[in-house]
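Subject: Structure handover

Hello,

Here is the structure you are taking over. Please look through it before reading my notes below.

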Amino acid sequence: MSDRFEAKAVTGFCRDCLASPLATPDTAARLKARCAVCGSPRLRFHAEWRDLTIAHIDCDAFYASVEKRDRPDLRHRAVIVGGGERGVVAAACYVARAAGVRSAMPMGQALRLCPEATVFPPTMSKYSAVSRALRRRFLALTPLVEPLSLDEAFLDLTTPAHATGIPAALLLANLAREVEANLGITLSIGLGANKLLAKIASDLDKPRGFALIGRAEAANFLAPRPVSLLWGVGKALAAALEREGVRTIGDLAAREPMWAARRFGQIGLRLSEFARGHDRRRITPDRPAKSIGAETTFRQDRTRLEDLSDALRPLAETVARRLQAADKLAAGVTVKLKSADFVQRTRSTSLPTPTQEAADLWHACDALLRAETVRGGFRLIGLSCDRLIDAGETGPLGLLAPQTSVTQE
Ligand SMILES: [Mg+2]
């Protein structure tokens, strides 16, 4: 057990050779400091680095990094993953990002910004395989792994850090090093006192990042940042908070929790805790997804059946890709429509064969749509899959997917 004075002293560690504890240069010298053991400049100094155990790990430009790994000649060149019928950027490497390319940007726009980019169509089976290899490494560290997507997860390292006496920061630095060497992709790591802080931290230092947000600094760190940074604050809630004069996280922390509870209910109370840097959410391993879906809000309301049907195609492709990524087959689909005056209706059906193919999803959903009386304008259409079953761990995904057999009952 470290004593009180030792716990407060700022020390550091080397992300490359894991030397620790490194003595503290003064604040100004810290940026230029190099590891006394290996000479690396990749050092981290933090008063709480040995005590923080909740991590958020996010791969850097994941799909693009996997493609680059397999094409070393493109290492320093712009790579974009995307295209296909949907025609948008699924991932852009940091070279392409420097030219202004962003995820979800139309491909045409991306290539105008970065005409020299090499474009790859997404190969989900390949990304899933890397994701599984990554997850195995997470699970070797701790059973408390909560995946958020193919390339992102929370890890609770409290128990392994206590059991081994090795601080979580070093376990994570070692993980990042090993993943780079053996999987050929890079990670950004956020280490914090809780999930909220870890998630924010992983975004601070990308790519190849390692950022820490401790208990003592949490409230001050959060205060000047926009309230939309908090988990659960979307556009609508951010606008409602702003109408109440709450723009920054500090604005919210300055209000009584009871004010937030009266005004916004349960979520208000939770946000009020977040604003003070507190987050009691646990890391819940392997929460299986109950449904996988996607939706589109139209810029202008759509009234024609054919226009609505057109909007289903890219949704079917997105959802199929997500099913493939999650290694799931869907046995049921639902179409959701929201009218111009916000009235929502849903229609569901069973699929003739469980599937993860876009064409199958689209056929079923198009039939649901055509059975619907379309009158007036619609502002949103959604497609989701439920009754998900495991596609299995073996073999390439494309071969596992059942062939289309449209035997409508
Ligand atoms: Mg990522």
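The notes below cover the domains, the metal site, the sheet and the aromatic contacts.

Please keep in mind that this is a predicted model.

Domains. The chain is divided into four parts: domain 1 is made of two segments, 4-50 and 128-218, while domain 2 covers 62-125, domain 3 covers 223-275 and domain 4 covers 292-400. Taken over C-alpha atoms, the centres of domain 2 and domain 3 are 36 Å apart.

Metal site. The magnesium ion has three protein donors: an OD atom of Asp58, the O atom of Cys59 and an OD atom of Asp151. These donors lie 2.2 to 2.5 Å from the ion. Along the chain, their spacing reads D-C-x91-D. Asp58 counts as buried because its relative accessible area is 13%, against a limit of 20%. Cys59 is buried too, with a relative accessible area of 2%.

Sheet. Five strands make an open sheet with mixed pairing, in the order β7-β8-β3-β9-β10. At its edges are β7 (145-149) and β10 (210-213), each of which pairs on one side only. From one strand to the next, the twist averages 15°. Strands β3 and β9 (residues 187-192) run antiparallel and are joined by six bridges. The metal donor Asp58 has Ser188 in β9 as its bridge partner.

Aromatic contacts. There are six aromatic pairs in the model. One of them is formed by Phe13 and Trp49, with ring centres 4.9 Å apart. Their planes meet at 40°, so this pair is classed as tilted; stacked would require under 30 degrees and edge-to-face over 60. The pair connects distant parts of the chain, with Phe13 in strand β1 (residues 11-14) and Trp49 in the loop between β2 (43-46) and β3 (54-59), 36 residues apart. Phe13 and Trp49 are both buried. Ring pairs also bring in Phe210, giving a cluster of Phe13, Trp49 and Phe210.

Charges over rings. Two arginines are placed this way. Arg255 lies over the face of Trp259, at 4.4 Å from the ring centre. The charged end of Arg263 sits over the ring of Phe264, and the distance to the centre of that ring is 4.6 Å.

Regards

Note on methods
Residues are numbered from 1 along each chain as its sequence is written. This is a predicted model: local features need pLDDT of at least 70, side-chain atom pairs count only at pLDDT 80 or more; totals for chains, interfaces and linings use all residues. Side-chain values use heavy atoms; hydrogens and water are left out. Donors are N, O and S atoms within 2.8 Å of the metal (3.2 Å for Na, K and Ca); water is not among the atoms, so sites may look incomplete. Buried means under 20% relative accessible area, exposed over 50%, partly exposed in between (1.4 Å probe, protein chains only). Domain bounds come from an automatic or database domain assignment. Rings of Phe, Tyr and Trp (its six-membered ring) pair if their centres lie within 6.5 Å; planes under 30 degrees apart count as stacked, over 60 as edge-to-face and the rest as tilted. Helices (H or I, at least four residues) and strands (E, at least two) are DSSP runs, numbered from the N terminus. A charge sits over a ring if NZ of Lys or CZ of Arg is within 6 Å of the ring centre and within 35 degrees of the ring normal. Two strands pair if DSSP finds at least two bridges between them. Axes are lines fitted to C-alpha atoms, for helices over the stretch in contact, and angles run from 0 to 180 degrees between N-to-C directions.
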